Amino acid sequence: IAKNCLICHRKLSPFHKNILKEKKVTCVDCHGSHYVQSMESMKEVSEKCLKCHGVKRLPKVLSNGEKMDLYVNPQKFYNSVHGKLPCICCHMDLNITKHPRPIKIESKAAYKKKIAKNCLICHRKLSPFHKN
């Protein structure tokens, strides 16, 4: 699918190039067919996420017995360096068309490792500190 898009849309931002290299999503997963979602519509998606994740609840109990808090403080998020990005930029593992439904998380460490791989899509160059 991406090859078809690239016939006309040859110039891609580094963000989009990296996403296509990962081969986890295709162009139409975010943009549809000839419909590019505006940042405003993407912000609406994040607001839907924060309707649930912005409410303090009991922590999720993982399959290994660990407890994981799924709360996100909306104000802190919007004021952070990533506050203008939609949640799905980092949480690409979620199928937002089928969410909310419980996703299987083996352990906190495994989930952090999985999400950290998504960081590399935008943050390709790591400092020596981060490489270790």
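Good morning. I begin with a cysteine: Cys 5 counts as partly exposed, because its relative accessibility is 22%, and the buried class ends under 20%. Please keep in mind throughout that this is a predicted model.

A second cysteine, Cys 52, is also classed as partly exposed, with a relative accessibility of 37%. Which cysteine sulfur is closest to that of Cys 52? It is the one in Cys 49, and at 8.6 Å the two sulfurs are too far apart for a bond. The cut-off for a disulfide is a sulfur pair within 2.5 Å, and by this rule the structure has 0 disulfides.

Let me turn to the fold. The protein chain contains 7 helices and 2 strands. Read from the N terminus, the order of elements is α-α-α-α-β-β-α-α-α; the two strands therefore follow four helices and precede three.

How are contacts distributed along the sequence? Among contacts in the protein chain with a separation of 6 or more, 57% join residues 24 or more positions apart.

As for the surface, the protein chain exposes about 10600 Å², and carbon and sulfur atoms supply 60% of that area. Of the 132 residues in the protein chain, 19% are buried.

I close with the aromatic residues. How many aromatic pairs does the structure hold? The count is 1. There is also a charge placed over a ring: Lys 56 lies over the face of Tyr 71, at 5.1 Å from the ring centre. Thank you for your attention.

How values were computed: Residues are numbered from 1 along each chain as its sequence is written. This is a predicted model: local features need pLDDT of at least 70, side-chain atom pairs count only at pLDDT 80 or more; totals for chains, interfaces and linings use all residues. Side-chain values use heavy atoms; hydrogens and water are left out. Rings of Phe, Tyr and Trp (its six-membered ring) pair if their centres lie within 6.5 Å; planes under 30 degrees apart count as stacked, over 60 as edge-to-face and the rest as tilted. A charge sits over a ring if NZ of Lys or CZ of Arg is within 6 Å of the ring centre and within 35 degrees of the ring normal. Buried means under 20% relative accessible area, exposed over 50%, partly exposed in between (1.4 Å probe, protein chains only). Contact means heavy atoms within 4.5 Å. Accessible areas come from the Shrake-Rupley method with a 1.4 Å probe; for residues, only the protein chains shown count as cover.
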